[in-house]
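The following exercises ask the reader to work from a structure to short, reasoned statements about it. Each task is followed by a solution in steps.

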Amino acid sequence: MTPTGAAPRGSAPVLELDRVTLEMGGRAILSDASLVVNQNEFIGVLGPNGAGKTTLMRAVLGLVPAASGAIRVLGETVERGNPSIGYMPQTRSALAGRRVRGRDFVAMAADGHRWGLPHHDAKARKEVDRVLELVGARELAMRPLSELSGGERQRLLLAQCLLGNPRLLLLDEPLISLDPHHQKNVVELVRRVQQELGITVLFSAHELNPLLHALDRVLYLGSGVAALGTVDEVITKPVLSRLYGSAIDVMRVNGRIFVMSGDVEVEKHDHEHEDDHGHDHGGGHAHGHDHGHTHSPAKTHGHTHDV
Ligand SMILES: Nc1ncnc2c1ncn2[C@@H]1O[C@H](COP(=O)(O)OP(=O)(O)OP(=O)(O)O)[C@@H](O)[C@H]1O
Ligand SMILES: [Mg+2]
């Protein structure tokens, strides 16, 4: 097993965390974590509710400052509004009720803030066409968002993220509220686009199995630790027990992996909520497992990502 901070030879680092500590509400979400994510990698970001998946993405976007350490994207210290990053936030439920045509929705992001281009600029139109083509949604985009299925809306959201040719995509829970069939389609679509463009994707999810065939490595968060490695390196009893702060078993059945705490499958809980911070991370969940939210500095210090 190699230290996960090391970049495989021949590939450029896209995202680097150098001894990063992230704090939220006076609590360390990540403690002294160092890792490197490379070009052309599909990284599955996993971990229980409140582990810090969203916070990490927001930190990479420069929206949450690191308490200590450095985060670099393509060698540059993070800053807000980095055009090299495409972001799909976790909060999306409001879209379902909107009558706006899919294409106009995608175009809104190409307009104004990001590009400084007028709405009907030919260059912006071409860029909208390009991203719709990439995700196979030219036809779909002629319909209003409210008439699309959740999976179809995801397709348009992905198109929106691809505007301006980002090198790093941060996709926060794209599978929420989708049935297994649509989950599979979304994962396959993201994988295809990721490979076609040679870009890097961080894809957070609550279940590993839908991502198993697409991902190159897993970034598993919990108890202030970030474990980055292959599935075989990270999805193990010792690593996950440390991240969950309790005894975890890993079972493999018919090509699927089940992460168990006693007889409870820890990844398999209802995670249907779509509001990002409207939910309670403070122990109000009825998921029947302990998220391991005991973050004494002594416990979390000095053992990040060393799988
Ligand atoms: N703005 C904030 N102020 C204070 N605490 C916050 C804030 N945002 C997030 N937190 C806390 O930081 C921790 C990490 O939250 P985060 O949303 O990153 O977790 P997550 O892994 O994305 O969870 P989920 O799986 O539920 O989406 C949680 O304990 C959360 O309550
Ligand atoms: Mg989240």
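**Exercise 1. A residue in a loop**

Task: In which loop is Ser223 found, and is Ser223 buried or exposed?

Solution. The model is a predicted one.

Step 1. Ser223 lies in the loop that joins strand 9 (217–222) to strand 10 (225–229).

Step 2. A residue counts as buried when its relative accessible area is under 20%. The relative accessibility of Ser223 is 5%, so Ser223 is buried.

Step 3. The backbone of Ser223 also deserves attention: its phi is near 50°, a positive value in a residue other than glycine. Most residues other than glycine have a negative phi.

**Exercise 2. A second positive phi**

Task: Where is Leu74 placed, and what is its relative accessible area?

Solution.

Step 1. Leu74 belongs to the loop between strand 4 (68–73) and strand 5 (76–77).

Step 2. Its phi is near 50°, and this positive value again occurs in a residue other than glycine.

Step 3. The relative accessible area of Leu74 is 35%, and Leu74 is therefore classed as partly exposed.

**Exercise 3. The faces and neighbours of helix 3**

Task: Which residues of helix 3 are buried, and which helices do they pack against?

Solution.

Step 1. Helix 3 covers residues 122–134, which is 13 residues. From its first C-alpha to its last it reaches 18 Å, close to the 18 Å expected at 1.5 Å a residue.

Step 2. The buried residues of helix 3 are Ala124, Glu127, Val128, Val131, Leu132 and Leu134. Viewed down the axis of helix 3, these buried residues fall within an arc of 160°, so they line one face of the helix.

Step 3. The partners of these buried residues are helix 2 (102–110), helix 4 (150–161) and helix 5 (180–197).

Step 4. After helix 3 comes Gly136, with a positive phi near 65°.

**Exercise 4. Two helix pairs**

Task: At what angle do helix 2 and helix 4 pack, and at what angle do helix 4 and helix 5 pack?

Solution.

Step 1. Helix 2 and helix 4 pack at about 25°, and their axes are 9 Å apart. Angles under 35 degrees count as roughly parallel. Helix 2 and helix 4 are therefore roughly parallel to each other.

Step 2. Helix 2 passes helix 4 in a right-handed crossing. Where the two meet, helix 2 contributes Gly102, Phe105, Val106 and Ala109, while helix 4 contributes Leu156, Leu157, Ala159 and Gln160.

Step 3. For helix 4 and helix 5 the angle is about 20°, and the axes are 10 Å apart. Helix 4 is therefore roughly parallel to helix 5.

Step 4. The crossing of helix 4 and helix 5 is right-handed. On the helix 4 side the meeting residues are Gly151, Gln154, Arg155 and Leu158; on the helix 5 side they are His182, Val186, Leu189 and Val190.

**Exercise 5. Two buried leucines**

Task: Which residues does Leu189 touch, and which does Leu215 touch, leaving aside residues up to four places away in sequence?

Solution.

Step 1. Leu189 is part of helix 5. Its relative accessibility is 9%, so it counts as buried.

Step 2. With residues up to four places away in sequence left aside, Leu189 touches Val135, Arg155 and Leu158. Ala214 is 25 residues from Leu189 along the chain, and their C-alpha atoms are separated by 9.9 Å.

Step 3. Leu215 sits in the loop between strand 8 (200–204) and strand 9. With a relative accessible area of 10%, Leu215 is buried.

Step 4. With the same exclusion, Leu215 touches Phe42, Gly44, Leu208 and Val231. Leu215 and Val231 are 16 residues apart in sequence, and their C-alpha atoms are 8.8 Å apart in space.

**Exercise 6. An enclosed helix and the whole protein**

Task: How many of the eight residues of helix 1 are buried, and what share of the protein is buried?

Solution.

Step 1. Seven of the eight residues of helix 1 (residues 53–60) are buried, so helix 1 is largely enclosed by the rest of the structure. The buried residues are Lys53, Thr54, Thr55, Leu56, Met57, Ala59 and Val60.

Step 2. Gly62 follows helix 1 and has a positive phi, near 80°.

Step 3. The protein as a whole has eight helices and 13 strands. Of its 307 residues, 53% are buried.

Step 4. Among contacts between residues at least 6 apart in sequence, 68% join residues at least 24 apart.

Technical notes:
Residues are numbered from 1 along each chain as its sequence is written. Chains are lettered from A and ligands numbered from 1 in the order in which they are written. This is a predicted model: local features need pLDDT of at least 70, side-chain atom pairs count only at pLDDT 80 or more; totals for chains, interfaces and linings use all residues. Side-chain values use heavy atoms; hydrogens and water are left out. Helices (H or I, at least four residues) and strands (E, at least two) are DSSP runs, numbered from the N terminus. The expected span of a helix is 1.5 Å times one less than its number of residues. Buried means under 20% relative accessible area, exposed over 50%, partly exposed in between (1.4 Å probe, protein chains only). The arc is that of the directions from the helix axis to the C-beta atoms. Contact means heavy atoms within 4.5 Å. Axes are lines fitted to C-alpha atoms, for helices over the stretch in contact, and angles run from 0 to 180 degrees between N-to-C directions. Angles under 35 degrees count as roughly parallel, over 145 as roughly antiparallel, 65 to 115 as roughly perpendicular and the rest as oblique. A crossing is left-handed if the near helix is turned anticlockwise from the far one by less than a right angle, and right-handed if clockwise.
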